[in-house]
Amino acid sequence: MSEPLLTARQVGVRRGGREILQGADLTLEAGKIVTLIGPNGAGKTTLVRCVLGLIQPDEGLIERRPGLRIGYMPQKLHIDPSLPLTVKRFLTLGGTPRLPLDEVLALTGIESLTGATMSNLSGGETQRVLLARALLRDPNLLVLDEPVQGVDVTGQEALYRLINDIRRQRQCGVLLVSHDLHLVMATTDTVICLNQHVCCHGHPEHVTNDPAYIALFGESAKPLVAPYTHHHDHTHDDHGNIVEKDQHRHA
Ligand SMILES: Nc1ncnc2c1ncn2[C@@H]1O[C@H](COP(=O)(O)OP(=O)(O)OP(=O)(O)O)[C@@H](O)[C@H]1O
């Protein structure tokens, strides 16, 4: 096995006197897709921000391979609709790209959009442009925070296929945040379920057949067409600590 691109060990983050992330482990490797899933407020974006180096964990450590280049696709893009910003201008705002623009436009299928105004793009087009921007850095690691937000179901499948093709072609590692477990299962190498701590993790096929996983996510997580729902064999108190069901009943 080659040296990982990034390793997070026992990462913990506290905010406002509350543990929002505890003991999270993560290993990202070239050519592999790791998907973070979990309910709202589970700490997914917080872990992503630690990976990106935007925040320092209060506990644990993050090791990055020297020279690691990360391409980041944020959850949302806020652009003033009155700004007449074209796709080409947007893509070249971040300085000199490491990959030829034409190559990235072709890879993401947005060659015909270069003259379009950013605020006029559809949800799916916007996400492709954001992906293109992340790719221009020629990253060894792509970090995609809910990349299919605002995209219809057909577009979501196409976007996940594209992400899969990109990691095959470019052999970059991918860290994906998703609520769409059923859509990412087929292309993910490792699933990490987060709810302040890592509730379970592993290869999707093994994980979906694991009774612990089924107890955690419910039967609806098994068929590939069902919406993702999150069930726990435990709950969390206001501080993110695990409360066993029995404790709860007697509380
Ligand atoms: N700077 C902060 N100060 C206080 N609380 C914070 C801070 N940043 C995050 N939180 C809280 O930590 C928790 C985890 O937030 P985070 O954004 O990581 O969750 P998430 O899993 O990405 O959620 P979502 O799926 O809704 O995007 C939330 O309850 C959030 O309100």
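Is Q10 buried or exposed, going by its C-beta neighbours inside 10 Å? Q10 counts as exposed, because it has 12 C-beta neighbours inside that distance, and a residue with 12 or fewer is placed in that class. The points below set this residue and others in their surroundings. The model is a predicted one.

1. Overall make-up. The protein chain contains nine helices and 11 strands. Of its 251 residues, 35% are buried. Among contacts with a separation of 6 or more, 67% are between residues 24 or more positions apart.

2. Q10 and its strand. Q10 belongs to strand β1, which spans residues 6-15. Although Q10 is not a glycine, its phi is positive, at about 50°. A reader checking the backbone of β1 may want to look at Q10, given that positive phi and its exposed position.

3. The partners of β1. Strand β2 (residues 18-28) pairs with β1 in the antiparallel sense, over seven bridges. One of the residue pairs is V11 with A24, the latter in β2. Strand β4 (residues 59-64) also runs antiparallel to β1, and five bridges join these two strands. Here T7 has E63 of β4 as its bridge partner.

4. The turn between β1 and β2. These two strands form a hairpin, with two residues between them. G16, in the turn, has a positive phi of about 55°. G16 is also one of the residues around the ligand.

5. L6. This residue is in strand β1, as is Q10. L6 counts as buried because it has 21 C-beta neighbours inside 10 Å, and 20 or more is the requirement. Leaving out residues up to four places away in sequence, L6 touches L28, V51, I62, E63, R64, R65, L68 and L141. E63 appears again in β4, as the bridge partner of T7. By contrast, the C-alpha atoms of L6 and R128 are separated by 25 Å, and these two residues are 122 positions apart along the chain.

6. The nonpolar core. How many residues are in the largest nonpolar core? It has 58, and those with the most contacts inside it are L47, L141, L175 and L194. Helix α4 (residues 123-135) supplies the largest share of this core, six residues. L141 can be followed further: with residues up to four places away in sequence not counted, it touches L5, L6, L28, L68, I70, C172, G173 and L175. L28 and L68 are in the contact list of L6 as well. L175, another of the residues with the most contacts inside the core, is thus itself touched by L141.

7. Helix α3. Which residues of α3 (residues 101-108) are buried? They are V104, L105 and T108. These residues lie on the same side of α3 because the arc they cover around the axis is only 100°. The face turned away from that side carries D102 and A106, which are exposed. The cover over the buried residues of α3 includes α4 and α5 (153-170); α4 is also the helix that gives the core its largest share. Just after α3 comes G109, whose phi is positive, at about 70°.

8. The ligand shell. The residues around the ligand are R15, G16, I20, G38, N40, G41, A42, G43, K44, T45 and T46. By class, two of them are nonpolar, seven polar and two charged. Helix α1 (residues 44-52) contributes the largest share of this shell, three residues.

9. Q196 and its hairpin. Q196 is in the loop between β8 (190-195) and β9 (197-202). The two strands pair in the antiparallel sense, over five bridges, and N195 stands opposite H197 of β9. They form a hairpin with one residue between the strands, where Q196 takes a positive phi near 70°. Like Q10, Q196 is not a glycine. Is Q196 buried or exposed? It is buried, because 24 other C-beta atoms lie within 10 Å. Q10, on the other hand, counts as exposed.

Conventions: Residues are numbered from 1 along each chain as its sequence is written. This is a predicted model: local features need pLDDT of at least 70, side-chain atom pairs count only at pLDDT 80 or more; totals for chains, interfaces and linings use all residues. A residue is near a molecule or strand if its C-beta atom, placed from the backbone, lies within 6 Å of it. Helices (H or I, at least four residues) and strands (E, at least two) are DSSP runs, numbered from the N terminus. Ala, Val, Leu, Ile, Met, Phe, Trp, Tyr, Cys and Pro count as nonpolar, Asp, Glu, Lys and Arg as charged, and the others, Gly among them, as polar. A nonpolar core is a set of buried Ala, Val, Leu, Ile, Met, Phe, Trp, Tyr and Cys residues joined through C-beta atoms within 7 Å. Two residues are in contact if their C-beta atoms, placed from the backbone, lie within 7 Å. The arc is that of the directions from the helix axis to the C-beta atoms. Two strands pair if DSSP finds at least two bridges between them.
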